[in-house]
Amino acid sequence: IYDRAITVFSPDGHLFQVEYAQEAVKKGSTAVGIRGTDIVVLGVEKKSVAKLQEERTVRKICTLDDHVCMAFAGLTADARIVINRARVECQSHRLTVEDPVTVEYITRHIATLKQRYTQSNGRRPFGISALIVGFDCDGTPRLYQTDPSGTYHAWKANAIGRSAKTVREFLEKNYTDEAIATDNESIKLAIKALLEVVQSGGKNIELAVIRRNQPLKLLESKEIETLVTEIEKEKEDEAEKKKQKKST
Amino acid sequence: MATFFGEVLSVYSRAVEEDDDDLDDENEDERIHREIEEKREVHIVWCPEVAQSLEDSGSNTLQCSDLIIAVGTNAAGFLSAYVLNTESWDAVGHVSLWNERSRGSSRQSIAPLPGEPACLFYRHRDNPAVLVCQSTCYIAEDQLFQWTEKVFGCLQKRGLSVMVLSDSPVAEYKTPDYLYGSAVPFLRSLKSSASKGQALCPALEQPNILTGLPAAVLSHCQVHQIPAVLYQCYTDVISPDSITMETYKPALLCLSKLVKLEPCLSADVLRKFAIITEAQSNLYT
């Protein structure tokens, strides 16, 4: 009986396969999601690509529908399957109900799918966590996070993947109403959060935004570099001000 | 004759003179044993200057005040990046041995190619009493004793102090608490009783043990009362990885007293020593 299901409870109540799946998530590069006032931002650490590999095929940020997109961290192949199922569900929902999915609905669908794989015979859990962002029909911005166990929660800002803990701590300190007051500020907050953990700065960051009633937009590397320069200048100015304060 | 356990024993008959056949068999067995022993022998190949210094010293030993041994790809990568990267080290020798997993010995006198698993010795130009050994090849259990005897046999025991850096998979770390991902990689230390100073990280808790070359070196130092300290890094990555290499940084404090070190390391240099297959591994995104 015990060899039918891969996820069996341990005597102290742990589902070790699910917990190990969460370790697999930590092997993926960092992804951060920020819910702003009129914008949602997804930022990811770009993985270095082999010389002969086409960079376009290594994407951590994917659209699920015109108004919803997600970033994942963990096993690439598992992510592809989850994304495909989610995309089909988005269209199926539109056909049957004649309305686009709400961000919560599609998150719940993905989370239910993941949970099913923690309770079935012979299947292992999906080794990915996802950050799902988008706008509902009523214009509310949403950010959800799912993990291999199939739980999902709404967040104001969150991070998944390799150095998620560091990024989350940064966000806890720096996610303020001023920080998300404008679209630009929200984007800069995402970049600042990633710069805490990404090596060699802006060139390894990929950023995507959704604005209300607009499709997903991937920022170009030039735009990201400009923002990174802005952020660095702001940091220098801050440091200068502190120095002057100390001397007076 | 069959025994209870199913083995078949040959019975010697006193009636027939079988001595001649037996002798040949025994000789053949002995010959095979000797061949295997020779094949598995551990040889240290020193460069001409060091070989000359060994000869010139009456006891066939080198004067050595500090021996730093790195066992494993991350420990070796750490030394390459932080210590051997300054131009003041000379490669002075290597150990050549053969076992099922390290088939190097077919080219005994030729130095191993860079990047191959090997056991290399480096000496500091300005302070020739400081030796570094990077061991990335597998040394079988039956060869460990020979390795330590031969290597330490070339070094003067007086004033010698040893530091060992060694990698280990965190899956082999036994602890009653659940280890959350953020704690890994981490360092644990072990010292020989002759070692006086403070170790820079917590001691290795029971029931964890050391095996392989680090254990052989530390045992040798304990028996011969050589002060030795070992830093074992538990990591969850299989390949050389820059984060794991950085975990050895506390050891730099001891090393900087001996030799001039690279003061600040750019991430690019570290990445050079971390395995490049990171890019080719598309398993995780």
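The exercises below concern backbone geometry and cysteines in a predicted model.

**Exercise 1.** Determine which peptide bond is cis at P207(B), and where P207(B) lies.

*Solution.* Begin with the reference case: most peptide bonds are trans. Next, inspect omega for the bond from Q206(B) to P207(B): the value is near 0°, and the bond is cis. Finally, place the residue: P207(B) belongs to the loop that runs between β7 (186-191) and α5 (212-223) of chain B.

**Exercise 2.** Examine phi of N213(A) and state the setting of the residue.

*Solution.* Most residues other than glycine have a negative phi. For N213(A), phi is near 60°, a positive value in a residue other than glycine. The residue sits in chain A, in the loop between β9 (205-211) and β10 (217-218). Its relative accessible area is 75%. Exposed means over 50%, so N213(A) is classed as exposed.

**Exercise 3.** Carry out the corresponding analysis for Q225(B).

*Solution.* Phi of Q225(B) is near 55°, which is positive although the residue is not glycine. In chain B, Q225(B) occupies the loop between α5 and β8 (228-235). With a relative accessibility of 64%, Q225(B) counts as exposed.

**Exercise 4.** State how many disulfides the structure holds, and decide whether C47(B) and C154(B) are buried or exposed.

*Solution.* A disulfide requires a pair of cysteine sulfur atoms within 2.5 Å. Over all chains, the structure holds 0 disulfides. For the second part, the cut-off for buried is under 20% relative accessible area. C47(B) has 14% relative accessibility and is therefore buried. C154(B), at 12%, is likewise buried.

Conventions:
Residues numbered from 1 in each chain as written. Chains lettered and ligands numbered in written order. Predicted model: local features only at pLDDT ≥ 70, side-chain atom pairs only at ≥ 80, totals over all residues. Heavy atoms only, no water. Helix = DSSP H or I, 4+ residues; strand = E, 2+ residues; numbered from the N terminus. Buried < 20%, exposed > 50% of the residue type's maximum accessible area, 1.4 Å probe, protein only.
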